[in-house]
Every structure is written in structure tokens, then in C-alpha cells.
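Take a look at the fold below. The paragraphs after it go from the spaces inside to the sheets.

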Amino acid sequence: QKLFTSESWELLSNSIEKCSETGISYEIELKTIRKDGSNGWMWAHGEAIKDKNNKIIALWGAVQDITKRKQAELELKESEEKFSKAFNINPNSLAIIDLKTKERVAVNDYFAKITGHSKETLMENTLGALGEIDMGKVEMAIKSIKNGISLRDVEVKVKHKSGSEMLMLYAIEGIKIGNRNCMIVSGKDITEQKKAEQELIKAKEKAEENEQKFRDFANSVTDIYFALDKDLNYIFWNKACEISLGYKNEDVIGKNWKSFDFNKDYDWIADKYKKIINTKKAESFDGIFEQSDNKLYFTIHAYPTTSGLVVYLQNITEKKNIELELINKNIEYEVLNKELSKTNEELQKAKEKAEKSEKELQKAHDVLEQRVKERTVELSEVNEQLNLEIDERKQTEIELKKAKAKTEENELKFQYF
């Protein structure tokens, strides 16, 4: 009894008792307890021995240590259980297909999900019978597996029973299940991935097209355009750069910003560029570049990019010169305005003086006019008086003439007399 586990001892006891009572033989596997406490397995077989009258008179039996075989079976069973669990819970579509009959030996839950059919329906129908897959590619796959060629990254369209399609990416290996030559098919849905890849390709083509358009545009403009990477190495140099600065595209691309004399003494601009790259914020600022005896003025527009930054130099020399000229003119105008203001003040004073003089003249005129009026009245009165005197004198003269005439008349009369 100590040789077996309690369950196995009970099984053995019941089997012996049944055999001794009924004569039915037994063949059982028993779990044993070894000397070191570990478990082993034993195969036991027993039969009844009967006499001439068919009466049971004895039992005979045989045992065999089957520990190694049993352990192998248990390990195989455990392995099969693990495989079954892994097979069924695998997030990929899995199926085992008989190469000869195209029957599905096994399918997992995800395989059923992508087709829309139940596992039972799939197991009852051979591969392709439900119209769920392109059999042309299946035949090609079967041929490759039979020739010992494993397949990877095979794109196949799978049709759902609703009519919708998805694109699956399969890996296929040959496998032997008992005497059956099979293939195990593992696939994942790449429908969205493929769409994303196509969108990415389109986006890339669009980006390349836009980049070419940008290059064409940048080379067509007369202003300076160039691009720098994050280490301030030149990665684009337009035609205007070649013309203005005298360096060909191939002499500049890949070289650092500080490698050229025309950037000497402009470390503050490099610091600006680094700040723009780090902060990802565009900036515009003015810069003065001395060339021989001339000063060139630029507005520098710097825009951050994923690779570094793009710089556009807008030549504002003419505009700046006009502004400086306007400033000088304004200064001249201010001086002139001050002089005019001074002159205006003097004119204002002269005007006030003239107004004052005019008032005095007016006053004198008014006094004179008043005097004239008074004198006119006086003269008028004198004139009237004179007129009266003249009239009186005339009357006197008339009377004198009359008296003279009378006298003469009287004298004549006297003389005559």
C-alpha cells in the first residue's frame, strides 16, 4: 500500500476485487511513491484463473515500470495544452491546414473572427469553400510547402462573410500532425497598416513634390534662401546665394556656417539660429553686412524645421537707404522748421507791431477826421458868414451904385440947372 498513492491503491484494490468476483481482467496505470518521495508510474495487468467448472480459483498479474513513458506522455500532453492555449489566444490568425485535403485541422478564435464564420462552420468546410480566400495564392503556398519552402510576408485578401475585405500578412510553415502533412498559417491584419503605408507614400511623394516646388521657387527668387541642419551645416543653397555670395551649391552643401568668411564676426546671428532651432519659434531680425565700401541691409527671416531651419534674407538696402535719406531730410526739415518758426515769431512780432502802428494810425486818422469834420463845420459857418457878408456887400454895392447913379443923375440935373 505504501508503494502507491491513495487514489492508485484504491483503483488497484477495486480492480483486483472486481476481477476475483467477476473474472473480468484489468489493465490499469498506477501512480507510485518512490523511496525518495518522488512519484513514478506502473502498468498493472491482472486476469482470473478458472478451473474446469469455470470457477475462479486464483489471480495472476504482471506489472511494468512505465515512469519514463508516462512522463513523456504527460509532458506531451502539457505541451499540447500549452500549444492549444497559445494557439487559441494568439492575437494573430492561426490555422492548421491538411496539404492534401485542404481540410482545416484547427483554427483559432481570431481566424474565425476575420472570416465571420464560426469555428464549427470552418472545420466542416475545406479551405476556400466559403469563398473566404483567394485559392490561387493558396495553391501556390501549398506547392511551396510541399517543396520544403517556408513562406514569409505573403499578402492575401480575406473576405468576411458580410462581403467586406481585409488584407492579411501571412507566414506559412510545413508541419506534420500524426501521418498528415499540414501547414500552419499565421497571419495578421495589415489593412490599416497598408492604408497608412499608402498614405505615407502619398505624403512622402507630396512632400517631395512640395520640396521640389520649394526648391524651384527658392531658386527663382532674387532673394537669398538657404537651409541649415541642427548643427548649422548648409543643406540648401539657392541661386541667389551663388550670385550674391559667389559660392556654388556644391562648394557649400554639407559645410558649417562658420566655415565661410562672409559669416565672420556674426556669431550673434549663429546664436539666434541655435535659439530658433531649440525653441521651435520663428524670428525676424535686421542685420548689416559690410561689403567693400558699401553697407548692405537685410531682414533675416528664420523658420524652424524638423531638420534645422530655413533662412530667407530680404535685401532692404534700398529701402534702408531711402529711410536714412528720409531721416536726414527730416533733420533738415526740422532745422528749417526751427528757422521758419523763428521767422514766424519775428513776423508775428512785426505783425503785432504793424497792428499796433495801424491802430495808432487809425486813432490819429480818427482824430484828424474829427478835426476835419470840426474844421469843415467851422469853415461852413465862416463860408455862410462870408456869403452873408458878400450878399450884404453886393447889396451895399447895388445900393451904392444906385446912390452913385442917383448922385450922378442929381449932378447932371444940377449942372443942367
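How much space lies in the largest cavity? The answer is about 40 Å³. This is a predicted model, in which local features need pLDDT of at least 70 and side-chain atom pairs count only at pLDDT 80 or more, while totals for chains, interfaces and linings use all residues. Residues are numbered from 1 along each chain as its sequence is written, and side-chain values use heavy atoms, with hydrogens and water left out.

On a 1 Å grid over the protein atoms alone, a cavity is a set of points where a 1.4 Å probe fits but cannot get out. A pocket is an open set with protein on both sides within 12 Å along at least five of seven lines. Lining residues have an atom within 4 Å of a point. Grid points are joined across faces, edges and corners, and a volume is the space filled by probe spheres set on them.

The count comes to one cavity of 30 Å³ or more. Its lining consists of Arg104, Phe111, Thr115, Leu127, Glu132, Ile133, Val158 and Tyr170. Five of these are nonpolar, one is polar and two are charged. Here nonpolar covers Ala, Val, Leu, Ile, Met, Phe, Trp, Tyr, Cys and Pro; charged covers Asp, Glu, Lys and Arg; the others, Gly among them, are polar.

Now the pockets. The largest has a volume of about 460 Å³. It is lined by 25 residues, and Ile224, Leu245, Phe262, Phe289 and Phe298 are the closest to its centre. Elements giving two or more residues to this lining include helix 7 (239-245), helix 9 (267-279) and strand 12 (294-304). Helices (H or I, at least four residues) and strands (E, at least two) are DSSP runs, numbered from the N terminus. By class, the lining of the largest pocket has 15 nonpolar, five polar and five charged residues.

The second largest pocket has a volume of about 220 Å³. Of its 16 lining residues, Lys137, Val138, Ala141, Val156 and Ile172 lie nearest the centre. Helix 5 supplies the largest share of this lining, four residues. The second largest pocket is lined by 15 nonpolar residues, no polar ones and one charged.

Next come the sheets. Strands 1, 2 and 3 form an open sheet in the order 1-2-3, with antiparallel pairing; two strands pair if DSSP finds at least two bridges between them. Strand 1 (26-33) and strand 3 (56-65) are at the edges with a single partner strand each, so one side of each has no neighbour in the sheet. Eight bridges join strand 1 to strand 2 (residues 39-50). Among the bridge partners, Leu30 has Met42 in strand 2. Helix 1 (residues 6-22) packs on this sheet and touches strand 1, strand 2 and strand 3, where contact means heavy atoms within 4.5 Å.

Strand 1 and strand 2 form a hairpin with five residues between them. In the turn, Gly37 has a positive phi of about 95°. In a regular strand the side chains alternate between the two faces of the sheet. Along strand 1, Tyr26, Ile28, Leu30 and Thr32 point to one face and are buried (under 20% relative accessible area, 1.4 Å probe, protein chains only; exposed is over 50%, partly exposed in between). Glu27, Glu29, Lys31 and Ile33 point to the other face and are not buried.

An open sheet of five strands follows the order 5-4-8-7-6, with antiparallel pairing. Strand 7 and strand 8 pair over 10 bridges. Met168 stands opposite Asp189 in strand 8.

Terms used: Axes fitted to C-alpha atoms, helices over the stretch in contact; angles between N-to-C directions.
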